[in-house]
Amino acid sequence: MNQNSHQNYAGLTRREFLNRSGMGLGAISLGTLGGLPTTAKTSAATNPLATKSAHFPAPAKRVIHIFFNGGASHVDTFDPKPELTKRDGQPLPAPNLITERLTGVGMASPFRFQPYGESGIEVSELFSHLGQQIDDVCVIRSMYADLPNHEPSLMLMNTGVANVVRPSFGSWLTYGLGSENENLPGFVAMSPGGHPVKGPQNWQSAFLPSVYQGTYIDTQETDQVDKLIENIRNSTLDKSSQRQQLDFVQQLNEHHLDQRGNDTQLEARIHSYEQAFRMQAAATEAFDLTKEPTYIHQMYGNTPQARQILIARRLAERGVRFVQLWHGAWQPWDNHNNIEKEHRKLAGECSQAIGALIADLRQRGMLDSTLVIIGGEFGRTPTVELERGGKSSAQGRDHNHHGFSLCLAGGGIKGGHVHGATDEFGFRAVEDRVHVHDLHATLLHQLGFDHERLTYRYAGRDFRLTDVKGRVIQSIIA
C-alpha cells in the first residue's frame, strides 16, 4: 500500500467512521507477520481484522492508553523529590539540562505525597484515587525520550519514530492480533473537544493497510450516541428494509467488482456497507452509558474524561483491541504557568476514573488481560520556567524529556513496583533507564510479540514499531 494512500478525517459521519475504521481488504501482506500459523494467515486474507495468533502465549489481549497530552510533571505526580523541596527557590548544584525554554531555580512541588497500599509507593495527592490501586500499578520513574518538543515526542511515544510517518502502536497491535468484534473498529482514539497536537498522525496506520488506522471520536458530549456517531441510525427505513436494500446494492457492487478485477478501494467500500449495517446496533450499544448502573457512574465520576474512560472499559469488554484516551484538545497538560492550579484541575478531571478503571477491570476479571498505560509524551523540569528577560514565570515548568514517569497496570505487569529513578531533583533518568523503544518492546512482549519479528515490508525494508532498537524490561514483568 502506498504510504500516502490512507486518509485522515476530521469529522465523524457514519461513512467517515467506517472509512476510518479501515474497511480495506487488499494489500495485507500478512505473510511478513513472523510466527503466525498458516491458518491464521489464510483467515486474515479474507478479513484483515480477523483474530490472529501472536508469536507466543501472553497475558495481555488488549490495551487502554490514557494519554496526558502536553506532558504531566513527574515531580508533582509519581516521583517525589525531598531534596528539591529543601532547595526550593535556590539554584540547583548541577547545571540545568537543555530543554525547550530557559529555566531557573529549583521549584518544590506544591502537592503532598504519601505512601499507599502494602507496597508503600508514594503518590501525589493529585492521584490519590490511583494511589488506592497502587498495588496493581508499576511506576516507571526512569523514562526518557529524545527531544523536548511536543510533536516529535508525541510521534515517538505513539509510533516509535519522532520525525517521519510511521504506523502507530494501536495500528501495529490490530495488524498483529486483529479484533475480537467484527462490528466495531479494532482501534479507537477518543478525545473530548477535538484533536491533540499532530491530530490523526497519532493514530495513523501509515504504510500499513488503512484497516488498522485508529477511529477518532470526540467524546465531549456522551449523553446521546447520535452526538458521538452522526447518522448511526436510519431515520426512514426499518432494519428489515435496510437489509433488503443493502443486499440489492451489494449484488450490484459485486458485479461491478467482477468487471474491474483487483480493485482494493472498491472492495473496501463494499465491505464498509456491510459493516455499517452491523455496526448500527453494536456501536449504539457500546457507547450508550445509560446501560451502566448508577453505582458505576458514581464510581467513575461525571467529567468528559471519566465518561470516556468508562466507554473504554465497555469497548474493551466488546473486543476492541486498542483504546487510546486523550485528555482533551491540543495539549492540556502543557502547564508552563501556574502548575499548581492547572495540574490540580486536570487531575481532578480524571484521577477518580483512572482509579475506578483499574478496580473495575480487576473486579470483572479483565485486569490480567488488559494493559493500562497512564502518562504523557514527557515530563517537566524541577526548575521554574523563566520568561523573557530572565524573570521567573508564574510558577510553571518547562518540558523535560531527560527523565519522567509513566504508570502501567494489568497485562502481566508487576504491580506495587517502582522501576528506575531520576536524580535527586528529578531532572534526568539515572537508574535502570527506559527509553520509549524499550517501553514498546516490553508492551509488545506482554501482548505476545517479539518486537523484532512483528514487521511489515514496505519500500524494500522490513519495518517494526521499535525501529532498530528496544529491549524488553524483564524486571517489570510479573
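**Entry 1: strand E12.** I began with a bridge pair: in strand E12, the partner of Ile373 is Leu408. I note that the model is a predicted one. Ile373 led me to strand E9, residues 370-375, which pairs with E12 in the antiparallel sense over three bridges. I then looked up strand E5, residues 137-144, and found that five bridges join E5 to E12, again antiparallel. Within that pairing, Ile140 stands opposite Leu406 of E12.

I next asked which residues of E12 point one way and which the other. Phe404, Leu406 and Leu408 point one way, while Ser405, Cys407 and Ala409 point the other way. I recalled that side chains in a regular strand alternate between the two faces of the sheet. Both sets in E12 are buried. Six of the six residues of E12, 404-409, are buried, so the strand is largely enclosed by the rest of the structure.

**Entry 2: the nonpolar cores.** I looked up the largest nonpolar core, which has 52 residues. Ile66, Phe127, Met190 and Leu315 touch the most other members of this core. Helix H12, residues 339-363, gives the most to the core, with nine residues. I then listed the contacts of Ile66, leaving aside its neighbours within four places in sequence. They are Ile309, Leu325, Ile354, Leu357, Val372, Ile373, Ile374 and Gly375. Ile373, on this list, is the residue with which I began, the partner of Leu408.

I also found a second, separate core of 50 residues, which includes Ile140, Leu173, Tyr175 and Phe378. Ile140 had already appeared opposite Leu406. As a general point, I wrote down that nonpolar side chains tend to be buried together in soluble globular proteins.

**Entry 3: helix H6.** Leu173 and Tyr175, members of the second core, are also among the buried residues of H6. I therefore asked how many of the nine residues of helix H6, 169-177, are buried. Nine of its nine residues are buried, and the helix is mostly covered. Among them are Phe169, Trp172 and Leu177, together with Gly170 and Gly176. After H6 comes Gly178, whose phi is positive, near 70 degrees.

**Entry 4: Leu237.** I finally looked up Leu237, in the loop between helix H7, 225-228, and helix H8, 239-260. Its relative accessible area is 29%. Buried means under 20% and exposed over 50%, so Leu237 is partly exposed. With neighbours within four places in sequence left aside, Leu237 is in contact with Gln242 and Gln245.

Technical notes
Residues numbered from 1 in each chain as written. Predicted model: local features only at pLDDT ≥ 70, side-chain atom pairs only at ≥ 80, totals over all residues. Heavy atoms only, no water. Buried < 20%, exposed > 50% of the residue type's maximum accessible area, 1.4 Å probe, protein only. Helix = DSSP H or I, 4+ residues; strand = E, 2+ residues; numbered from the N terminus. Pairing = 2+ DSSP bridges. Contact = heavy atoms within 4.5 Å. Core = buried A, V, L, I, M, F, W, Y, C linked by side-chain atoms within 4.5 Å.
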